[in-house]
Amino acid sequence: MRIAIGTRKGLWTAQGDEQGWTVSQPMRDMAEFASVAWMPRGDGQPPRLLAGARSWFWGPSVLTSDDDGATWSDPEHRAIAFAPETETALERIWNLTPDPREADVVWAGCEPHSLWRSTDGGASFTLNEGLWEHPHRTQWNPGAGGAAIHTIVPRRDGSLMVAMSTGGVYTSADSEGGWVATNRGIRAEFQPDQYPEFNQCVHRIAIDAINKDRVYAQNHGGVFRTLDAGKAWELISQGLPKDFGFVVLAHPTKAEVAWVIPIDPDTMFPPEGRLRLWRTDDAGSTWHETGAGLPSEHYASVMRDAAHVIDHDGEAVIAFGTRNGCVFASLDGGATFTEVVSGLPDVLSVRVSA
């Protein structure tokens, strides 16, 4: 098992299993890594490691490595760059998502609000003009983390869903144009109109493994579910200790199974200082606490891109990192966790690969 760990200052990888973990030395320790991803390459080759780096010297760019970080692409080459006529500069790469539908295709969600597509494994990207020219774009506001597209969900019917802070959820039927705001039912309690067409502060979305029209959203206030790919959403927070958080994960192979990590919005601590996952096995109708082995005196939160789940031999493998530099992993669907590493800088992004 491999884990890529992007932090506020440097990138690490870990390899291991239930017997233990070996953690690399820091890589690119003068850069911030808001996003990381593993891209399968086939033919028995190890996966490509992609990283959204923000260097104090080179600025933001996508770096790639085919040898677990031993060597990297040239940071001076800007894989993502706005055309001069846009009079816009790239601030940060918040999400990197390899497209499971097409080999070598990688999506990037960036700040300012923009969506990019690569067809060469992350070496170069083109701007999605349809979303960039959307009439709502000038009204999307930056959240506390910036004006970012932070979640990208390719769907097997050819459509694409994205979530942004703060703009909400948008869907394109062909992953290119015709972007439609799909937020009906998601509450924005901080606005005079609490159910606007767009500008909800959606923190993360995740798609069900079996029913691809069932999508979960962790909002600024509330966990929501849609059964029709975003046409209408309903609140499913009842039973959780807090309805605020940044993380929502859907089981990679089982229907109706998802996890959230609740955070107290007043303190930004886990409720009662107990870092735990909460799991649903019925698509949000009920929730129960899980995560044996996680600390019961822990006062750091988990950011939206710092948690990931994959399938490994029919079991869900979950890893996440905290803002005080701890990374935890579970090989049994979140029932039990072990600490992979502690003492790192603020963890911003985590991705697992089998």
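Here are some worked exercises on the predicted model above.

Some ground rules: residues count from 1 along each chain as its sequence is written, and side-chain values use heavy atoms, with hydrogens and water left out. Since this is a predicted model, local features need pLDDT of at least 70 and side-chain atom pairs count only at pLDDT 80 or more, while totals for chains, interfaces and linings use all residues.

**Exercise 1. The whole chain**

Task: work out which secondary structure elements the protein chain has, and how its radius of gyration stands against the globule rule.

Solution:
- Step 1. Start with the elements: the protein chain has one helix and 27 strands. Helices (H or I, at least four residues) and strands (E, at least two) are DSSP runs, numbered from the N terminus.
- Step 2. Now the radius of gyration, taken over C-alpha atoms: the globule rule is 2.2 Å times the number of residues to the power 0.38. For 354 residues that rule gives 20 Å, and the chain comes out close to that at 19 Å, so it is as compact as a globular protein of that length.
- Step 3. For the box, the C-alpha trace spans about 50 × 50 × 40 Å along its principal axes.
- Step 4. On to burial: 58% of the 354 residues count as buried. Buried means under 20% relative accessible area, exposed over 50%, and partly exposed is in between (1.4 Å probe, protein chains only).
- Step 5. Finally, take the contacts (heavy atoms within 4.5 Å). Among those with a separation of 6 or more, 49% come from residues 24 or more positions apart.

**Exercise 2. The sheet around strand 19**

Task: give the strand order of the open sheet that holds strand 19, and find its edges.

Solution:
- Step 1. The order is 19-20-21-22, four strands with antiparallel pairing. Two strands pair if DSSP finds at least two bridges between them.
- Step 2. Strand 19 (245-250) and strand 22 (288-290) each have a single partner strand, so they are the edges and one side of each has no neighbour in the sheet.
- Step 3. Neighbouring strands here are turned by 30° against each other on average, direction ignored. Such axes are lines fitted to C-alpha atoms, for helices over the stretch in contact, and angles run from 0 to 180 degrees between N-to-C directions.
- Step 4. Zoom in on one pair: strand 19 and strand 20 (residues 258-262) run antiparallel and are joined by four bridges. Valine 248 has valine 260 in strand 20 as its bridge partner.

**Exercise 3. Strand 5 and its partners**

Task: is strand 5 largely enclosed or left open, and which strands does it pair with?

Solution:
- Step 1. Seven of the eight residues of strand 5 (residues 48-55) are buried, so the rest of the structure largely encloses it.
- Step 2. One partner is strand 4 (residues 31-39), in the antiparallel sense over eight bridges. Here alanine 31 is bridged to serine 55 in strand 5.
- Step 3. Another is strand 6 (residues 59-65), antiparallel through seven bridges. Leucine 49 has serine 65 in strand 6 as its bridge partner.
- Step 4. Between strand 5 and strand 6 sits a hairpin connection of three residues.

**Exercise 4. Nonpolar cores**

Task: find which members of the largest nonpolar core touch the most other members.

Solution:
- Step 1. A nonpolar core is a set of buried Ala, Val, Leu, Ile, Met, Phe, Trp, Tyr and Cys residues joined through side-chain atoms within 4.5 Å.
- Step 2. The largest has 34 residues, and Ile3, Ile5, Trp259, Leu277, Phe320 and Val340 touch the most other members.
- Step 3. Strand 24 (residues 315-321) supplies the largest share of this core, five residues.
- Step 4. Leaving aside neighbours within four places in sequence, leucine 277 contacts residues including Trp259, Val260, Leu294, Ile318, Phe320 and Phe337.
- Step 5. Apart from this core lies another, of 17 residues, among them Ala37, Ile80, Val106 and Leu127.

**Exercise 5. Two single residues**

Task: are proline 84 and glutamate 111 buried or exposed?

Solution:
- Step 1. Proline 84 is in the loop between strand 6 and strand 7 (92-98). Its relative accessibility is 72%, so proline 84 counts as exposed.
- Step 2. Glutamate 111 lies in strand 8 (residues 106-111). With a relative accessible area of 13%, glutamate 111 is buried.
- Step 3. Beyond four places in sequence, glutamate 111 touches residues including Arg92, Trp94 and Gly145.
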